[in-house]
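Colleague: I have the sequence and the coordinates open side by side. Please choose one part, take a close look at it, and then lead me outwards from there.

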Amino acid sequence: MPYIQQLSPHVADLIAAGEVVERPASVVKELVENAIDAGASAVVVELRRGGMSLIRVTDNGRGIAPEELPTAFLRHATSKLRRAEDLSAIGTLGFRGEALAAISAVSRLDVFSRQRGAEMGASLSLEGGVPGPVESAGCPEGTTFAVRDLFYNTPARLKFMKTDSAEASAAAAMITQIALSRPEVSIRYIRDGKEELHTPGDTKLLSAIYAARGRDFAKSLVEVQGGGEGVTVRGFVTDPIAGRGSRAMQTFFCCGRMIKSALLTAALEEAYANRQMKGRFPGCVLHIDLPLHQVDVNVHPAKTVVKFVNERAVFSAVHHTVKDALDAQNAPQPAPVLKAAAVIPQQGDFYRHMDARSFREQTDTTAKRGLPASELGGRLRFQDSMQPPPPPRRQPPEPPKPAEPEKIPVSTLRTSTPPEPLPGKAEPPLPPPDPEEPEQTAMEAAAPAPWRFAGEVLNTYIIAEDGENMWLIDKHAAHERINFDRMKAGTEPVMRQQLLSSAAVELPREQYAVLLEHLPLLEEFGFEAEDFGAGCLMVRAVPADLDTGLIQETLELLSDKLLLCGTADPSAARDAMLHTMACKASIKGGWKSDPAELKVLIEKVQSGEVQFCPHGRPVKVKLSKYEIEKMFKRA
């Protein structure tokens with residue numbers, strides 16, 4: 001048995017780095033959060049090759065004193081905590097003092113910093129966590145970190161890195177979240193020399209949302225402001241008619257920190273009950289503020305999971321604040337009250353009051369001038385009701401129409417003995433005899449099926465009768481399984497339809513990144529897409545079975561499944577694609593279907609070929625005659 005011994009500082013630093021630094025996005029998160037904690041009002045993030053070759057973060061914060069630069073890279077060195085009691089009320093984004101030590105341990109790092117008001121700055125270089133000497137340097141106020149060759153000394157971690165575009169998109173997603181958490185800070189993101197994000201830093205959350213999430217998302221938002229029991233909720237949620245295909249656009253912040261919380265998700269979606277279509281999800285950017293001692297942020301290494309002391313109060317505040325905002329949005333608006341002057345037409349009153357004599361005089365004058373009657377001013381009201389109106393002009397009587405010949409009902413022409421022709425009338429011809437019907441149709445000649453199609457209920461479930469059993473069949477689940485098996489067993493390329501005009505699909509950064517990583521898999525299933533930059537995919541062709549109106553929704557759903565199953569297992573990613581495509585190509589519950597289609601589904605199900613949907617749910621339920629009679633107290 002090996003002896004117990006203490007790890008060397010270098011190995012301990014590498015282990016700590018593995019917990020803190022997973023990918024370039026982790027480095028970006030830690031450095032930008034440190035810049036915000038240092039009081040920066042502007043932060044610039046530059047990446048090359050997805051951050052693998054260079055990550056540069058520049059801020060205009062307070063800066064670091066030259067004598068403190070080496071200390072900043074020691075483990076558990078921080079300026080944000082002093083006592084154990086401070087852990088119960090953490091108001092900063094970083095506090096553990098592990099980020100800089102972990103980043104420097106797996107990279108080559110240079111730092112330049114100058115304190116506010118200082119004449120000169122200082123610089124320090126580290127390689128693999130080993131610092132060099134501190135030197136004087138000319139630099140602007142604030143701090144600049146340049147991280148190069150990430151994971152150069154940990155090849156085991158390096159082989160798990162994804163493509164440059166995927167890593168850059170993951171970093172962009174992290175920057176977007178931070179930008180939404182701090183609208184008062186201007187954040188600029190530059191990827192391979194091209195600017196992809198720039199928030200104004202004007203303290204307005206909607207401005208940050210517009211810059212980070214785009215115009216279309218910003219236009220669909222409803223403002224939220226409220227709270228209760230010491231909890232404040234503010235931000236924006238999407239209008240119910242602008243529901244998303246996934247929860248990827250739900251972003252929550254607690255005391256300025258981005259968090260993931262099933263509690264907040266449930267509170268949000270409960271407020272949308274009976275307002276949004278099934279299968280659609282609201283989007284949001286919500287800030288929840290409460291006393292610092294009421295929330296614990298030190299429960300997860302990534303600091304994205306928190307614990308609330310009073311979960312009921314937080315749930316209630318979010319739920320009721322969002323619900324009230326949606327109620328006010330959909331409330332009927334009162335009609336605007338116009339001033340008296342605003343309702344008077346510029347051409348005078350529509351109704352004119354005059355006596356009969358004035359009317360005749362004006363009519364004569366108008367006739368002499370050759371003006372049309374419409375110039376008289378429209379409808380008129382007469383005050384002199386004693387003057388009778390002129391008698392109406394009599395029209396000459398119309399000449400009498402010639403009598404039409406008497407028509408014989410068609411039914412009388414089908415009697416066995418034809419009627420006698422009328423005198424002076426031509427005998428109408430008899431209709432041709434009906435063609436003889438075949439004695440037996442092809443369907444009747446075939447062997448009868450062991451089941452009987454009895455109908456469909458709720459436009460979702462097929463009813464079939466089989467002996468003394470009744471079957472309820474979920475048509476969507478059955479059709480989805482058929483499509484899934486067909487696609488999985490197919491060896492020919494998927495047929496695709498070229499779009500007349502390319503579809504630009506804008507996605508959140510994480511979804512965008514995972515789809516970029518699986519572009520070859522998308523092509524295998526009939527999509528022709530390419531990276532358009534800034535979170536946008538340009539789609540030029542889609543599978544032939546896919547409705548072109550479902551492109552955005554399908555790609556959102558697919559990316560969510562790929563994120564959930566991970567990317568290490570190619571077969572899992574392929575099955576996720578198969579599930580999504582089979583679902584989108586299937587008939588839906590609530591659609592009206594042709595009976596012929598339903599009979600084909602019954603045949604597949606009743607023959608045993610289809611028993612479960614691709615997700616494992618049953619496609620049919622049996623009700624025996626005994627069970628039905630028992631329901632009606634007949635058994």
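Modeller: Happy to! Let's start where strand β11 (residues 231–238) runs antiparallel to strand β14 (residues 284–289), the two being joined by six bridges. One of the facing pairs is F236 with V285, its bridge partner in β14. Strands here are DSSP E runs of at least two residues and helices are H or I runs of at least four, numbered from the N terminus; two strands pair if DSSP finds at least two bridges between them.

Before we go on, a word about the source: this is a predicted model, in which local features need pLDDT of at least 70 and side-chain atom pairs count only at pLDDT 80 or more, while totals for chains, interfaces and linings use all residues. Residues are numbered from 1 along each chain as its sequence is written, and side-chain values use heavy atoms, with hydrogens and water left out.

Back to our pair. β11 and β14 belong to an open sheet of five strands with mixed pairing, in the order β10-β11-β14-β12-β13. At its edges stand β10 (221–228) and β13 (257–259), each with a single partner strand, so each has one side without a neighbour in the sheet. Ignoring direction, neighbouring strands of this sheet are turned by 20 degrees against each other on average. Helix α9 (residues 262–271) packs on the sheet and touches β11, β12 (250–254), β13 and β14. The direction of α9 makes about 125 degrees with that of β12. For all of this, contact means heavy atoms within 4.5 Å, and axes are lines fitted to C-alpha atoms (for helices over the stretch in contact), with angles from 0 to 180 degrees between N-to-C directions.

Now step back along the chain to helix α6 (residues 164–181), which has two helical neighbours worth visiting. With helix α7 (residues 205–213), the axes come within 9 Å and cross at roughly 165 degrees. α6 and α7 are therefore roughly antiparallel to each other; by the scheme used, angles under 35 degrees are roughly parallel, over 145 roughly antiparallel, 65 to 115 roughly perpendicular and the rest oblique. On the α6 side, T176, A179 and L180 make the contact, and they meet L205, A208, I209, A212 and R213 of α7.

The other neighbour is helix α14 (residues 509–517), whose axis is 8 Å from that of α6, at an angle of about 175 degrees. This pair, too, is therefore roughly antiparallel. Here S165, A166, S169, A170, A172, A173, T176 and Q177 of α6 meet R509, E510, Y512, A513, L516 and E517 of α14.

α6 also leads us to Y189, a residue of strand β8. Among the residues that Y189 touches are A168, A172 and I175, together with V45 and L47. K194, E195, E196 and L197 complete the contacts of Y189, not counting residues up to four places away in sequence. L47 is 142 residues from Y189 in sequence, yet their C-alpha atoms are 8.1 Å apart. At 1% relative accessibility, Y189 is buried; the cut-offs are under 20% relative accessible area for buried, over 50% for exposed and partly exposed in between (1.4 Å probe, protein chains only).

Just beyond, D192 sits in the loop between β8 (186–191) and β9 (194–198). Its phi is near 50 degrees, a positive value in a residue other than glycine, and at 47% relative accessibility D192 counts as partly exposed. A further non-glycine residue with positive phi is T203, at about 75 degrees. T203 lies in the loop between β9 and α7 and is exposed, with a relative accessible area of 56%.

For a second sheet, look at β19-β20-β21-β25, an open, four-stranded arrangement with antiparallel pairing. β19 (452–457) and β25 (620–624) form its edges, each with a single partner strand, so one side of each is left without a neighbour in the sheet. From one strand to the next, the twist averages 25 degrees. Five bridges join β21 (residues 469–474) to the antiparallel β25, and there I473 stands opposite K620.

Finally, the wider view: the protein has 19 helices and 25 strands, and 39% of its 635 residues count as buried. Of the contacts with a separation of 6 or more, 67% are between residues 24 or more positions apart.
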